[in-house]
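Here is a structure to look at, with a few questions about the words used to describe it and the values behind those words.

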Amino acid sequence: MMVWMISLQQQQQQQRGTCGLLSISSLADLKVSLARTVREELRRSVVVEDNNHSELPTIYVITPTYPRPEQIPELTRLAQTLMNVPNIYWLVTDDTDTPNQDLIDYLTFTGIPHTYLNTPMPPKYSGHKVKPKGVANRNAGMEWLRQHASKGVFYFADDDNTYDIRLFQEMRYTEKVSMWPVGLVSKEGLSTPVVSEGKFQGWFEGWIGGRTFPVDMAGFAVSVQYLLEVPNAAMPYKPGHEEDGFLRSLHISPYDIEFKAEQCTKVYVWHTQTKKSRHQPDIIFKKKYDNTNIRVLQELLRFQPKEST
Ligand code: UGA
Ligand code: MN
């Protein structure tokens, strides 16, 4: 092991044009250097897409989001996943009338090609106990695609899921509609097509609910060209039936689905949910913090006084 480590270290130093063993002075340095090499190798082997970016079909990622203290943290996590994926175009569709300048600035910072849209839920749904979350956002995202895109693939990426960058490699060459497993969804903890010898057998999902396509929002992608061929395809304002309603509006059969992630044997996306912030800031609103950094941070974190005056 030690011999291998030293030869690896020598090899690295030769690559960098430095000489001798002396520049690595301790075992700690060696560990850091070894970890870096392993990381780089791993990245090289998984992100096979890294070359010829311009050749790759664009993936339009449509992310519904809405104002709350967790919004920027969620989008930070997602952005820093997407920053590792070539040829992404990010449509961030915010469920509010009011543009969020901090978010707009953050999107600019990421360098990801993107469009930020304000896409509020129609007011008639706001009083509903179970709301059609993210539907106005996703439909607006598809409307944007119909106006601005002609090829590539699109994917609905909720802001709170966890995505492995290999997922994007899987979906990129979708011809019509592709699917893959989603972890940590529903009572059974998994939502996926059941596949045997490459053929569709049915669905595995904790809640079938009479749906033709009992799948999670994170479990499929659609080709832009195919969307454009079906002018009326849209997502219904029907909680629990958004995915099914949309996929049915595409006029496809489960037998048309392209199975990705090694015939649905890999999990590259998880339906993780963030615990709602339970912080009840109080002293942060005290006058003595006016004209200090605390006031800036309070606004940045979107903390509101309990009774706003
Ligand atoms: C559940 C399902 O598991 C998802 O597949 C489905 O996308 C979602 O419901 C839905 O109803 O659309 P869940 O975790 O309960 O997911 O939903 P959220 O993550 O709270 O919301 C889904 C998306 O809509 C998120 O990206 C969220 O930011 C956005 N959203 C939520 C809004 O735009 N407005 C809201 O008022 C709430
Ligand atoms: Mn969610």
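**Terms and values in this model**

Q: Why is the pair formed by the side chains of Arg77 and Glu74 called a salt bridge?
A: The N to O distance between these side chains is 3.2 Å, and a salt bridge is a side-chain nitrogen of Lys or Arg within 4 Å of a carboxyl oxygen of Asp or Glu, so the pair qualifies. The structure holds 11 salt bridges. This is a predicted model, in which local features need pLDDT of at least 70 and side-chain atom pairs count only at pLDDT 80 or more, while totals for chains, interfaces and linings use all residues. Residues are numbered from 1 along each chain as its sequence is written, chains are lettered from A and ligands numbered from 1 in the order in which they are written, and side-chain values use heavy atoms, with hydrogens and water left out.

Q: What separates Arg77 and Glu74 along helix α3?
A: They are three residues apart in α3 (residues 71-82), which means about one helical turn. An α-helix has 3.6 residues a turn, so residues three or four places apart point the same way.

Q: Which residues are the closest to ligand 1, and how many surround it?
A: Ligand 1 is surrounded by 19 residues, the closest being Pro64, Asp95, Lys133, Asp216 and Gln273; a residue is near a molecule if one of its heavy atoms lies within 4 Å of it.

Q: What makes the approach of Glu243 to ligand 1 a polar contact?
A: An N or O atom in the Glu243 side chain is 2.9 Å from an oxygen atom of ligand 1, and a polar contact is a pair of N or O atoms within 3.5 Å (within protein, one must be able to donate a hydrogen and the other to accept it, and residues adjacent in sequence count only if both atoms are side-chain atoms), so this pair fits. For the side chain of Asp159 the corresponding distance to a ligand 1 oxygen is 3.0 Å, and for a backbone N or O atom of Met217 the value is 3.3 Å.

Conventions: Helices (H or I, at least four residues) and strands (E, at least two) are DSSP runs, numbered from the N terminus.
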